[in-house]
Amino acid sequence: MRSLLVKVTTAAAVVFASFGMSQAAALPLAPEPVAPVAGIPMPCPVTHEWPGDDVPVETVAAALAENFGFALTGTQWTEASRGSIKILWQTLDAVECSGYVAQLQAKVNGNVGINAADISGFAWGDWSLTKPNHVTMDFAKFQRALDSGDDGRLVRLVTHEMAHVLNSDRHSEPEYWKIFKNLYATQGSFSSYAGSSVTETFADVVGYYVGRCAMENPYDNGENAAYYEFAKTYVFGGKEFGPAAGQTPECSIPDSNAETPMPAPPTPQSWIEALSQE
Ligand SMILES: [Zn+2]
């Protein structure tokens, strides 16, 4: 991550030099660089600072609930999950300036909670399946990605599950959803996980937009530029979290044998409607 900041600083110096300005004169005009957080090359400036690695975990959980507006349930808000809780915190904070969390909370009248609990089967996270109206995250599985240094995949997973909440108003055919469905009809498959599911494609288009350091990120490929522009324009209000589609961000390289964190499989329509009372 240090190398990323050095490159940005160097690029700024080159620009100023080319205009014949001295760096001493130009520096006060340069924006404050924002330090990248794990898995996200260009996060929002910090709004809610991580309380610290030595703060009691129950204090951290209470602050997370207070700062980001989620009711917390489940059995995994424990010391053993501290690394996973930190990734969750930093991901929510990294998107704070885009209004992403406020936007998705508004879709469910502020009633979405986070349930940290075991998920049976292969899924690492789900929306409204394990517990209705909650995003469930299995921090015990998260730890396996942390052990592999694959923070980017967890950022994508957290953002992906939250995107399902954002998309829970789709049956009323809001403008953004009509546009996305048209886009999907022309662009087709985005990720191997989402396959031919339009709702999973939406969640991955949003999730990988923030989690740019996830291994095999579909945005590393310029073919997904239209999906990138959708997420930028209709979900994040112009805020970007990494370089444009087609450019691979500089990230610490995860273990090539890292296990792929899996969202839950697409939910049968009737079931999700029953659960979320849509
Ligand atoms: Zn999903």
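Which residue just after α10 takes a positive phi? In this predicted model, the residue in question is Gly 237, with a phi of about 55°. The helix that precedes Gly 237 is described below, followed by a pair of packed helices and the sheet.

Helix α10 comprises residues 225-235. Within α10, the buried residues are Tyr 227, Tyr 228, Phe 230, Ala 231 and Val 235. These residues lie on the same side of α10, because the arc they cover around the axis is only 160°. A general property of helices is relevant here: an α-helix has 3.6 residues a turn, so residues three or four places apart point the same way. The buried residues of α10 are covered by elements that include α5 (100-107), α8 (175-187) and α9 (198-210).

A second feature concerns the packing of two other helices, α4 (residues 82-94) and α6 (residues 139-147). Their axes are 8 Å apart and meet at an angle of about 85°. Angles of 65 to 115 degrees count as roughly perpendicular, and α4 and α6 are therefore roughly perpendicular to each other. On the α4 side, the contact is made by Gly 83, Ser 84 and Ile 87. On the α6 side, Phe 139, Phe 142, Gln 143 and Leu 146 take part. Classified by residue type, this contact between α4 and α6 contains 4 nonpolar and 3 polar residues, and no charged residues.

The strands of the model form an open sheet of 4 strands, arranged in the order β1-β2-β4-β3. The pairing in this sheet is mixed. Strands β1 and β3 (125-127) are the edge strands, each of which pairs on one side only. From one strand to the next, the twist averages 20°. In general, strands of a sheet pair through backbone hydrogen bonds, either parallel or antiparallel.

Two of the pairings can be described in detail. Strand β1 (residues 71-74) pairs with strand β2 (residues 113-116) in the parallel sense, over 4 bridges. Within this pairing, Thr 73 has Asn 115 of β2 as its bridge partner. Strand β2 is also joined to strand β4 (residues 134-137) by 4 bridges, and these two strands run parallel. Here Gly 113 stands opposite His 134 in β4.

Definitions and conventions: Residues are numbered from 1 along each chain as its sequence is written. This is a predicted model: local features need pLDDT of at least 70, side-chain atom pairs count only at pLDDT 80 or more; totals for chains, interfaces and linings use all residues. A residue is buried if 20 or more other C-beta atoms lie within 10 Å of its own, exposed if 12 or fewer, and partly exposed in between; C-beta atoms are placed from the backbone. The arc is that of the directions from the helix axis to the C-beta atoms. Two residues are in contact if their C-beta atoms, placed from the backbone, lie within 7 Å. Axes are lines fitted to C-alpha atoms, for helices over the stretch in contact, and angles run from 0 to 180 degrees between N-to-C directions. Angles under 35 degrees count as roughly parallel, over 145 as roughly antiparallel, 65 to 115 as roughly perpendicular and the rest as oblique. Ala, Val, Leu, Ile, Met, Phe, Trp, Tyr, Cys and Pro count as nonpolar, Asp, Glu, Lys and Arg as charged, and the others, Gly among them, as polar. Two strands pair if DSSP finds at least two bridges between them.
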